[in-house]
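Q: Please take me through one part of this model closely, and tell me how it sits against its surroundings. I work at the bench, so spell out the terms as you go.

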Amino acid sequence: MKFSELGLSEGIVKTLTEIGYEQPTPIQEETIKLALEGRDVLGQAQTGTGKTAAFGLPTIEKINAENPAIQALVIAPTRELAVQGQEELFRFGKSKGLKVRTVFGGSSIEKQIKGLKAGAHIVVGTPGRLVDLIKRKAIKLDQLETLILDEADEMLNMGFLEDIHFIIEKTPENRQTLLFSATMPADIKKIGVKFMKNPEHIKIAAKEMTADRIDQYFVKTKEFEKFDVLTRLLDVERPELAIVFGRTKRRVDELIRGLKLRGYRAEGMHGDLDQNKRLAVLRDFKAGHIDVLVATDVAARGLDVSGVTHVYNYDITQDQESYVHRIGRTGRAGKSGRSVTFVSYNEMGYLRAIEKLTNKEMKGLKPPTKEEAYQASLSVAMDDVLRDLSDESGKAKLAKFDKQAASLLEKFDAKELVALLLQGRVKDPDNQEEVKITAERPLPYNGEGKGFKKKGKGGGGRYKGRGNGDRDGNRDGNRGGYRGNRDSKDGERGGDRKRNWKDRDDNRGGYREKRDDRRFDDRKQGEKTPRKRTTGTEKSAGFVMRSRGDK
Ligand SMILES: Nc1ncnc2c1ncn2[C@@H]1O[C@H](COP(=O)(O)OP(=O)(O)OP(=O)(O)O)[C@@H](O)[C@H]1O
Ligand SMILES: [Mg+2]
């Protein structure tokens, strides 16, 4: 199938060719035509399979560039995702010269109002800031044609629902509504369908809910060992870019500090960081100036950074959907990735609950030993030396040390000098910086832990208990999860309400295919179940169609 067969105009098809999209992905193939016909669509497909273009291209196609009014609104759960959405839609809409504006908290509302005044065919924004701008009459939605909820299940979750209601009430009843996500729990789908008319549910049927090309592992580890396990894994697996998800902001801060102390180029993202800093960190990560991004769930959904080969869940997620999104930061657009989820003995029930949702078994991974990490670091050093010496321009740069090198060689044994060179490039496992990470209490026990006879299935995802004080009660005021972090300073709200029942963390991680880490996989390799990806359409015949606005 070609993009031109989906009813898109020549200009847009040309743009797609220019940006390297050769053919539509399954979700694009299934939804673009329908959306162009004006149908309401609920689109569900694995992470990294092109949902942005699936809703973005038909939306752009339908916009009348001559009409200066806002004709499409995309609502996204985080600021970074709003920025990314704006960039993508702008790119797709180039041939039509469309104005796409982004609005989000933590950054000057006046500037955003100015931008909106200069014209906006499409607005991409986070709920809290959108509500503020609507209240200030800087955003008028009376001519809106298309409303899109990206990460729809997240947007329809408790924390955001009030804002979403407010926004939807300001849109015309005859608008088109598009909801997209990789996950769509049934209870949330029911809420979404109420905002839609005769919706078509397109679900790209896949054997597993997680993206096809992510090798998923877990490591059983005790809290106090986690940090050493993490750095050894980083040394052995050698991610190109890695994301480490932590449960709380404090944890993220401590991990960044610890990783830096041990010589990794790491930076973090969580809700207490200044918004400019958050955006700068993401930019640096995309540019490869940072190797390890440490984040709370604020980075779990939607972010598209090519080159993320590994996702490490330093803390396992409390709910299964978060897991799907976290690890979906790798293995995108046909690339492969690897995720490693740290799990304490008591938390095994959560792991099983995740596997139940994703329909994919995680493989147990033996944490690398100190010696293995050392050997890995040694082999990196050797590779680096070989690379530098086989590179002519690199060699030329060494010429300036000729005199000193000759004088050292006169005085010392050549082998000793080379050993000294290697020493400077290898991490000494017996001389590592001591790093202390404050212990987080594990998730409340929900079955299947070691030492527990109970065979109960976890079902841990939707734990609503109030009893886990350190997470929900957040004794230290340092709660992770990104709900916390559309922090209301800037009119991004929604976090607090939700935190009470669900405080997520994101754990996404991918890796590059062939690292030799396989060595540490203590289950049999090569017995991956064949992954067939069938495309199917689930018609939404049984949906409740009448919505609030439907009369
Ligand atoms: N038809 C296509 N051909 C080639 N690349 C594509 C195509 N469609 C999308 N991509 C690329 O695939 C990557 C993932 O797309 P996108 O971010 O839209 O995924 P997604 O399904 O929204 O994932 P998530 O569930 O994580 O939000 C992006 O880099 C995008 O540019
Ligand atoms: Mg997306």
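A: Helices (H or I, at least four residues) and strands (E, at least two) are DSSP runs, numbered from the N terminus. This is a predicted model, where local features need pLDDT of at least 70 and side-chain atom pairs count only at pLDDT 80 or more, while totals for chains, interfaces and linings use all residues. Residues are numbered from 1 along each chain as its sequence is written, and chains are lettered from A and ligands numbered from 1 in the order written.

Let's settle on helix H3, which covers residues 51–62. It supplies three residues to the shell around ligand 1, the largest share there. That shell holds 18 residues, and Thr47, Gly50, Lys51, Thr52 and Ala333 come nearest to the ligand (near means a C-beta atom, placed from the backbone, within 6 Å). By class, six of the shell residues are nonpolar, nine polar and three charged (Ala, Val, Leu, Ile, Met, Phe, Trp, Tyr, Cys and Pro are nonpolar, Asp, Glu, Lys and Arg charged, the others, Gly among them, polar).

Now for the neighbours of H3. One is helix H2, residues 26–36, whose axis comes within 9 Å of that of H3 and crosses it at roughly 25 degrees (axes are fitted to C-alpha atoms, for helices over the stretch in contact, with angles from 0 to 180 degrees between N-to-C directions). H2 and H3 are therefore roughly parallel to each other (under 35 degrees; over 145 is roughly antiparallel, 65 to 115 roughly perpendicular, the rest oblique). From H2, Ile27, Gln28, Thr31, Ile32, Ala35 and Leu36 meet Lys51, Ala53, Ala54, Phe55, Leu57, Pro58 and Glu61 of H3 (C-beta atoms, placed from the backbone, within 7 Å). Nine residues of this contact are nonpolar, two polar and two charged.

Another neighbour is helix H4, residues 79–92, with its axis within 10 Å of the H3 axis and a crossing of roughly 50 degrees. H3 and H4 are therefore oblique to each other. Here Thr52, Ala53, Gly56, Leu57 and Ile60 of H3 meet Gly85, Glu88, Leu89 and Phe92 of H4. This contact has five nonpolar, three polar and one charged residue.

UniProt helps place all this, though its entries may be inferred rather than shown by experiment; its positions follow the numbering used here and feature names are shortened. An unreviewed entry lists "domain: DEAD-box RNA helicase Q" at residues 1–29, and "short sequence motif: Q motif" is also listed at residues 1–29. Over residues 1–29 the chain is 45% helix and 0% strand, with the end C-alpha atoms 8 Å apart. "Domain: Helicase C-terminal", again unreviewed, is placed by UniProt at residues 213–373. The span 213–373 is 37% helix and 22% strand, and its end C-alpha atoms lie 26 Å apart.

Methods
Contact = placed C-beta atoms within 7 Å.
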